[in-house]
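Me: Please take me through this structure in short questions and answers. I care about charges, burial and overall build.

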Amino acid sequence: PESLAIESAELAWGAPLDGVPALWVLAGGAASAWVGGPEGFSAQPLDLDGVQSMAIDGTGALWAVASGLLYRRATDGAVRQIDFGAPLSAVFAGASADLWLSDGSLLWHHAGGTFTPVEHVPEGELLGVDSIGRLLLSTSDGLARVSTGRPMVFIGLADGSRVDLSATVTLAPSLADDVVDVQASL
């Protein structure tokens with residue numbers, strides 16, 4: 001739409017507006033939901049001033065940092081402020097329910113209703129969150145994945161897949177240089 005300012009806009013897809021998945025656009029400190037209809041797109045602004053960052057998690061909730069405060073917009077449209085206790089600058093989410101927050105100097109991970117500071121994170125540009133909830137960073141050494149647990153990614157074998165023939169599977173553990181032993185059984 002001509003009225004949509006897209007210069008330096010952040011886009012996020014999925015958090016519903018009136019039950020319909022919407023394209024969320026953050027530009028110029030304002031966020032709005034765009035939904036297509038028979039007469040084109042219509043927009044509904046998110047009633048928050050000074051939106052700095054937004055992300056949609058795997059549950060369909062929209063998270064926003066506005067004027068340093070954290071807000072969560074549930075799938076039913078209810079918006080509530082979450083008392084974080086410190087000014088925030090950015091929020092990141094992905095297909096999981098994991099949420100990552102930055103206050104400009106420290107990263108925080110949110111899962112299961114708990115905010116946990118994350119230490120020993122490499123310097124780099126925050127890019128987003130992958131499908132299993134790890135924060136992705138662009139560092140001088142390349143792409144870094146940050147997690148609060150010890151996830152193991154299996155490449156070549158999807159969850160629940162049936163193995164009828166010999167299959168090549170690559171294991172990609174967190175902190176791969178520290179792995180001493182890997183055992184697997186079928």
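**Salt bridges and build**

Reply: In this predicted model, the side chains of R134 and D130 form a salt bridge, with N to O at 2.7 Å.

Me: Is R134 of that pair buried or exposed?

Reply: The cut-off for buried is under 20% relative accessible area. R134 has a relative accessible area of 6%. Its partner D130 stands at 13% and also counts as buried. So R134 is buried.

Me: How many salt bridges does a search of the whole structure find?

Reply: One is the R134 and D130 pair. The side chains of R162 and D164 meet in another, at 2.6 Å from N to O. The search finds two.

Me: Is D164 buried or exposed?

Reply: Exposed means over 50% relative accessible area. R162, its salt-bridge partner, is at 71% and passes that cut-off. D164 has 56%, so D164 is exposed.

Me: How far apart are the mean positions of the positive and negative charges?

Reply: The protein carries 7 positive and 22 negative charges. Each set has its own mean position. The two lie apart by 10 Å.

Me: How many strands are there in the protein?

Reply: Helices number zero. The C-alpha atoms fill a box of roughly 55 × 40 × 30 Å along the principal axes. The strand count is 17.

Me: What percentage of the residues is buried?

Reply: The protein has 186 residues. It exposes about 11500 Å², and carbon and sulfur atoms supply 51% of that area. The buried share of the residues is 37%.

Methods: Residues numbered from 1 in each chain as written. Predicted model: local features only at pLDDT ≥ 70, side-chain atom pairs only at ≥ 80, totals over all residues. Heavy atoms only, no water. Helix = DSSP H or I, 4+ residues; strand = E, 2+ residues; numbered from the N terminus. Buried < 20%, exposed > 50% of the residue type's maximum accessible area, 1.4 Å probe, protein only. Areas by Shrake-Rupley, 256 points an atom, 1.4 Å probe, with all protein chains shown as cover. Lys, Arg positive; Asp, Glu negative; His and termini not counted. Charge placed at Lys NZ, Arg CZ, Asp CG, Glu CD. Salt bridge = Lys/Arg side-chain N within 4 Å of Asp/Glu carboxyl O.
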